[in-house]
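Colleague: I'm new to this one. Could you walk me through a few of the labels and what stands behind them?

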Amino acid sequence: MNEILDFHTHCPVATSALISVDPREFDPRLGLCYSVGFHPWHGIDRLTDEDYELLDRCARHPQVLAIGETGMDHLRGAPLDCQREAFVRHLRLASLLGKPVVVHCVRAAQDILSARHQAALDSVPLVIHGMRSGERVARVLLDAGCYLSFGEHFNEAAVRLTPLDRILLETDESPVDINSIAAAVAHALDLPPEQLVAQVTANARKLLY
Ligand SMILES: [Zn+2]
């Protein structure tokens, strides 16, 4: 069992990390861990049934521990209705397989939560990745049970509002390494970095295994 510290990266060789890939590019290497999904920026209005069948097959692979990234973005990508439909398909698959979902959410917290609720999938765990929003949005997401994954850029007040057992960390596409990000978040929390790292790996373990 791998310990996951970096909950979301696109780096294809990252260890101690959950590597996010498009199912059409899924080519697992031994010993690495993955999440698979169709990113809302990348032509999700043109996905076919075959694409979703491929997603379903990849999602069942033993090295795939989560679904995503998927989600909704008000600033970029396909029309929001298409994004919502794709997001809900990912949620259904996650529910079926008992895996959490890595969520891309740009000015769409309310849309994400209401899509999950309308699909009667409130029990599917959501990890809001690249969390940059402030306290107000953090509160809404936390009240809905979401985990918040913080990266290079984060709002300090939102970090301090987040219970320790709901915090995750990520590099995403940043060149900054995960330990530096852990140090910055730990500083905002006034915690020793090693304590935060232990907590975050425990959070990831609980969610993924
Ligand atoms: Zn990403």
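Modeller: Sure. A residue is buried if 20 or more other C-beta atoms lie within 10 Å of its own, exposed if 12 or fewer, and partly exposed in between, with C-beta atoms placed from the backbone. Helices (H or I, at least four residues) and strands (E, at least two) are DSSP runs, numbered from the N terminus. This is a predicted model, where local features need pLDDT of at least 70, side-chain atom pairs count only at pLDDT 80 or more, and totals for chains, interfaces and linings use all residues. Residues are numbered from 1 along each chain as its sequence is written.

Colleague: Why is strand β5 called largely enclosed by the rest of the structure?

Modeller: Five of the six residues in β5 (residues 101–106) are buried, so the label fits.

Colleague: What makes β4 and β5 a pair?

Modeller: Pairing takes at least two bridges found by DSSP between two strands. Strand β4 (residues 64–73) and β5 have five, in the parallel sense, so they pair. M72 stands opposite C105 in β5.

Colleague: And what joins β5 to β6?

Modeller: Three bridges, with β5 and β6 (residues 126–128) running parallel. Here V101 stands opposite L126 in β6.

Colleague: Now S174: why is it called partly exposed?

Modeller: S174 has 16 other C-beta atoms within 10 Å, so it falls between the two cut-offs. It lies in the loop between β8 (167–169) and α6 (178–189).

Colleague: Which residues is S174 in contact with, leaving aside neighbours within four places in sequence?

Modeller: G151 and E152; contact means C-beta atoms, placed from the backbone, within 7 Å.

Methods
Contact = placed C-beta atoms within 7 Å.
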